[in-house]
Amino acid sequence: MIQGFMTSQILQQFNNRQASLIELMPGQVFQGKVLKLFPDNLATVQLGGLTVTARLETPLELGQRTWLQVQPGGQPVTLRVINQPGQPDQASEASMEGLAKALGAPITKESLSLLNKAVDAGIPLRAESLHAFERVVAEVGTDPSIEDAMILAAKKGFPLTKETVLALRAFAGNASLEGEMDKLSRLAQQAIVQAEGLPVDIKERLHQLVARIEGVRDGLAQVKNSFVSPSPSISASQMEEPPSKSPLQKQNLPASGIKQAIVDLFDRLGLNHEKALGLIGGEKAVTTEAENIKSTLLHLLQHPKAEVLPAPLREQMQQFVQQVTGQQLMMAGPAGDNAFVQVAIQLPAPGQENGENTLIQIESRKKGRGELDPDNCRMFFYLSMRNIGETMLDVSIVNKILSVTIYNNQEGFGDLVRALRASLERSLSEQGYRLSGLRVLAVPENKGGESSTAVSSLSLPPSSVAYYKGVDFRV
């Protein structure tokens, strides 16, 4: 769907939460300016858009600008002046190059870009984190998508490793799950037929992989069908389609059935793969591993003779593992003790342009052992719909009362939403929720003045609400 736009939005949501708490974490670095001086090394300091009274470990002059790092401790906050290397009495230059020199980071275009993003994201900068950034760059290189993935990993408290960064980049890429599975299945079947000298156990695993993919396709169809309301736009061929052998294929699932279909789909993909291994031991664990796509792919990639597999197939297998792992990471929420749960989910849904995934971001106070609280949370949906174009939904839920803002640039879209309001209220009421507000606004423009459509390089076909039949989603 929206690779660059999606990544920036994910980071922005985390930044917004942090800004709203006005929390300064030890290790954060700010370009500061001294506004007022007081006795005992106290000063009023401007840190970006925030003005604080802080204790300076090293005296500064009135009006002086330099880089300051938040230190552990209580109130008032203590700030350490970041000095020039080898000059403990000389504050660093108030520039990104000056910060890089002071921290011992390379003075390169790529390094400065990454350092700038880390400062903007409020990531604590310590020697070990800088070394971790450098190790990842040495292993996988750097480009804007790698930089964003590293910043996201650091922001969420994940280990800065090659595997984590590539998985988060795959998630941000938001490749069509269906398209990637189709490619994987096609390459696996070609290898079974065409590749010479494949060991018998590898062939068996490839057959198993193809079967697993078919099972996930059934699950995808069920999840999609569960979202779609019966409408005249359903073709006769769809109505006459024979039922699948998959247990997921049931008609007219209730809300609880929809949830179970999604959980089942994620299980088949392998989102609970590592958890299952931790809970089940012995021979049963091996059987459990074989029941999802991720475990099957890992067995093939880790096989002693994996190099006999065609290179395009191995590459596609690795990319798919990264895509699944990225989803696992983004559903894990931030590491550490946090009052809020923040997760992001990619879910194939009907009506998406080119089979792309819907991005759902959820922020909620922790409930019980860290679960989301469905009665008090905020959700963001990012969709690229075939009929109604780029659409974003901002849903705020407080004590089961919903306030919904929909962003869309289609002419006449507001009239369509207002016409469906009564139906939406009835559907929500059946689930125990109440709608208090429903607004339709234009898709917000980015800082450069271009819409997010331009940012995301979306190429949507011309469409009109006048030609719109049926619905893409049902609440």
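The legends below describe several views of a predicted protein model, beginning with the whole chain and then turning to three strands.

**View 1. The whole protein in the predicted model.** The protein contains 16 helices and 13 strands, and of its 475 residues, 46% are buried. Among the contacts with a separation of 6 or more, 59% are between residues that lie 24 or more positions apart. The protein exposes about 24,300 Å², and carbon and sulfur atoms supply 52% of this area.

**View 2. Strands S1 and S2 pair in the antiparallel sense.** Strand S1 covers residues 29-37 and strand S2 covers residues 42-47, and the pairing between S1 and S2 runs over five bridges. Within this pair, Val34 stands opposite Val45, which belongs to S2.

**View 3. The turn of the hairpin formed by S1 and S2.** Four residues lie between S1 and S2 in this hairpin, and Asp40, which is found in the turn, has a positive phi of about 60°.

**View 4. Strands S2 and S3 also pair in the antiparallel sense.** Strand S3 covers residues 50-56, and its pairing with S2 runs over six bridges. Here Ala43 stands opposite Ala54, which belongs to S3. When following side chains along a strand, it helps to know that in a regular strand they alternate between the two faces of the sheet.

**View 5. The turn of the hairpin formed by S2 and S3.** Two residues lie between S2 and S3 in this hairpin, and Gly48, which is found in the turn, has a positive phi of about 65°. Strand S2 therefore pairs with S1 as well as with S3, by the rule that two strands pair if at least two bridges are found between them.

Note on methods:
Residues numbered from 1 in each chain as written. Predicted model: local features only at pLDDT ≥ 70, side-chain atom pairs only at ≥ 80, totals over all residues. Heavy atoms only, no water. Buried < 20%, exposed > 50% of the residue type's maximum accessible area, 1.4 Å probe, protein only. Contact = heavy atoms within 4.5 Å. Areas by Shrake-Rupley, 256 points an atom, 1.4 Å probe, with all protein chains shown as cover.
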